[in-house]
Amino acid sequence: MVDLIKEKGGKAFLTDTNTLYVGTRSNAVDHLETAILNGFDFSVVGVPLIIADGLKGKDYISIPVKLKHFQEVKIASTACLSDFILTVSHFKGANLHGFGGALKNLGMGFGSRAGKLQQHSDVLPYVEENKCKRCRKCITVCPADAITVENKAKILEEICIGCAECSVTCPHQAIVMEWKSDLTKIQEKTVEYAAGALYGKADKVGFITFITNVSPVCDCFGWNDVPIVGDIGILASKDPVAIDQAALDLVNHAPGNPESQLGEKYTEKDRFKALYPSVDATIQLVYAEKIGLGSRNYKLIDLN
Ligand code: SF4
Ligand code: SF4
């Protein structure tokens with residue numbers, strides 16, 4: 001893909017955004033090291049890697065979407081400033097969205113850290129007091145002076161802007177997010193972020209989806225399980241809704257793996273409902289179609 005883009009005269013680069021949670025992708029330095037260790041490296045791919053929301057996940061542009069949940073969304077600035085985007089997604093299960101494909105890759109993938117928090121949670125971070133060691137590191141990174149540390153750290157909710165900087169900084173994981181959000185709302189919010197990532201890029205975005213190693217949980221987990229279906233192939237489209245709908249249908253029509261997390265439910269028609277009974281994964285597709293991001297109708301053209 002990179003070679004083809006370069007042949008056409010494009011200035012290609014690889015990109016990703018920092019994570020909301022603690023780990024090896026929560027700032028650009030750790031993120032670049034992790035990427036290079038995993039082969040996303042100039043010496044392998046022949047193009048540079050740019051962390052799209054900057055050193056600490058604060059580099060974003062507010063994009064006006066004027067939708068149900070958000071008037072504007074906080075999209076990583078590199079994504080906003082790019083002339084074209086080719087989104088490469090791994091299709092797999094996701095505990096909050098049912099599945100993760102092109103829409104989630106766009107919306108969550110290009111959301112800045114504060115944007116990811118807006119999608120994930122309706123409440124702000126809070127301190128688990130029994131873990132707090134009063135080191136005060138959280139105070140030094142908080143851009144809103146929203147933390148005090150007396151006996152234990154305390155977040156002043158009326159001032160906190162939900163950037164999640166404290167959460168990824170605390171060396172004792174004492175600041176945590178409330179991950180439970182309304183499961184319809186989180187899908188719709190991610191779709192609104194996808195709309196923000198697509199803003200101003202009509203006909204300048206393409207989507208490639210790998211339906212291989214279809215794991216039951218999202219790739220952000222530090223563990224995973226055997227694929228729920230066998231490898232199906234690679235899809236390409238200019239419509240993020242159509243490609244996700246097609247991937248979902250292909251997975252649902254493929255033989256389920258009884259040795260996977262599907263277990264006895266391996267014959268259920270909706271593979272992701274079998275994995276996550278409380279999640280209706282079609283919410284993201286229905287809402288994305290409703291706000292004009294694409295169509296759930298598609299035609300598969302087999303290139304084999
Ligand atoms: S960084 Fe963590 S341990 Fe240190 S004061 Fe803040 S909450 Fe407590
Ligand atoms: S989320 Fe951001 S603004 Fe809120 S307390 Fe943490 S660092 Fe401060």
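In this predicted model, histidine 90 faces phenylalanine 210, a residue of strand S12. Phenylalanine 210 also has a partner in S13, where isoleucine 234 stands opposite. These two pairs of residues offer a handy way into the sheet around them.

The sheet is open and built from three strands, which follow one another in the order S5-S12-S13. Its edges are formed by strand S5 (85-90) and strand S13 (233-237), each of which pairs on one side only. Between neighbouring strands the average turn is 15°, with direction ignored. As a reminder for newcomers, the strands of a sheet are joined through backbone hydrogen bonds, and their pairing can be parallel or antiparallel. Here the pairing is mixed. On one side, S5 and strand S12 (residues 205-211) run in the parallel sense and share six bridges. On the other, S12 and S13 pair in the antiparallel sense, with five bridges between them.

A helix accompanies this sheet as well. Helix H10 (residues 240-253) packs on the sheet and touches both S12 and S13. The direction of H10 makes about 10° with that of S12.

Two further helices meet elsewhere in the model. The axes of helix H6 (residues 113-120) and helix H9 (residues 183-198) come within 8 Å and cross at roughly 150°. An angle over 145 degrees counts as roughly antiparallel, and H6 and H9 are therefore roughly antiparallel to each other. On the H6 side, the contact is made by Gly115, Gln118, Gln119 and His120. H9 contributes Ile186, Lys189, Thr190 and Tyr193. Sorted by character, the residues of this contact comprise two nonpolar, five polar and one charged.

Finally, the surroundings of ligand 2 can be described. Which residues come nearest to ligand 2? Of the 15 residues around the ligand, these are Cys142, Cys160, Cys163, Glu165 and Cys166. The shell around ligand 2 divides into 13 nonpolar residues, one polar and one charged.

Methods
Residues numbered from 1 in each chain as written. Chains lettered and ligands numbered in written order. Predicted model: local features only at pLDDT ≥ 70, side-chain atom pairs only at ≥ 80, totals over all residues. Near = placed C-beta within 6 Å. Nonpolar A, V, L, I, M, F, W, Y, C, P; charged D, E, K, R; others polar. Pairing = 2+ DSSP bridges. Helix = DSSP H or I, 4+ residues; strand = E, 2+ residues; numbered from the N terminus. Axes fitted to C-alpha atoms, helices over the stretch in contact; angles between N-to-C directions. Contact = placed C-beta atoms within 7 Å. Parallel < 35°, antiparallel > 145°, perpendicular 65-115°, else oblique.
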